[in-house]
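Trainee: I would like to learn how to read side-chain contacts in a model. Please take me through one case.

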Amino acid sequence: NSFYGDDDSYDDEMDRGGPSIPETELRKGKWTIEEEEYTRRLVQYFNQGLLMIPEGTTLRAFLSDRLQCDRMRITKKFRGICFGRKYQSCERTPVKHA
């Protein structure tokens, strides 16, 4: 089971701009220290494949959903991160043998 259930429509929904959260409820403005730290940890777990989210979910879509903010807010704050990267669970990552 994932944070978002077993519904395969999650990534399709994210590609269309995310779940229907009213724009007035989206987080905006200055980032708090806690929000930045939380985001960095989410990116770390995403990159390591430790999250229980659908395969192929993009980082930007995932962060936008978890932080309940517009995708552009994330893009502006974290310019050096590759947001086009798609999620791959560590369970499916091939093990390299020496």
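**Reading side-chain contacts**

Mentor: Start with one residue: W31 is buried, at a relative accessible area of 10%. Keep in mind that this is a predicted model.

Trainee: How many aromatic pairs does the structure hold?

Mentor: The structure holds two aromatic pairs. In one of them, W31 and F78 are arranged edge-to-face, with 5.3 Å from centre to centre and 85° between the planes. The label follows from the angle, because planes over 60 degrees apart count as edge-to-face.

Trainee: Which parts does the pair of W31 and F78 tie together?

Mentor: W31 sits in the loop between α1 (9–15) and α2, while F78 belongs to the segment after α4, so the contact ties together parts that are 47 residues apart in sequence. F78 is buried, with a relative accessible area of 6%.

Trainee: What lies over the face of W31?

Mentor: R73 does, at 4.3 Å from the ring centre.

Trainee: Let us turn to charges. What is the general idea behind a salt bridge?

Mentor: Side chains of opposite charge can pair when their charged atoms come close. The cut-off here is a side-chain nitrogen of Lys or Arg within 4 Å of a carboxyl oxygen of Asp or Glu. By this rule the structure has four salt bridges.

Trainee: Which residues are linked in a network of salt bridges?

Mentor: The network links R27, E35 and R73. E35 meets R27 in a salt bridge with an N to O distance of 2.9 Å. E35 also meets R73 in a salt bridge, again with 2.9 Å from N to O.

Trainee: Where do E35 and R73 lie?

Mentor: E35 is in helix α2 (residues 33–48) and R73 is in helix α4 (residues 71–77), so their salt bridge ties together parts that are 38 residues apart in sequence.

Trainee: Are E35 and R73 buried or exposed?

Mentor: Both E35 and R73 are buried. For E35 the relative accessible area is 6%. R27, in contrast, counts as partly exposed, at 38% relative accessibility.

Trainee: How many residues apart are R40 and E36, which both lie in helix α2?

Mentor: R40 and E36 are four residues apart, about one turn of the helix. Their side chains meet in a salt bridge, at 3.8 Å from N to O. That value passes because the rule accepts distances within 4 Å. R40 has 49% relative accessibility and counts as partly exposed, because the label exposed is kept for values over 50%.

Methods:
Residues are numbered from 1 along each chain as its sequence is written. This is a predicted model: local features need pLDDT of at least 70, side-chain atom pairs count only at pLDDT 80 or more; totals for chains, interfaces and linings use all residues. Side-chain values use heavy atoms; hydrogens and water are left out. Buried means under 20% relative accessible area, exposed over 50%, partly exposed in between (1.4 Å probe, protein chains only). Helices (H or I, at least four residues) and strands (E, at least two) are DSSP runs, numbered from the N terminus. Rings of Phe, Tyr and Trp (its six-membered ring) pair if their centres lie within 6.5 Å; planes under 30 degrees apart count as stacked, over 60 as edge-to-face and the rest as tilted. A charge sits over a ring if NZ of Lys or CZ of Arg is within 6 Å of the ring centre and within 35 degrees of the ring normal.
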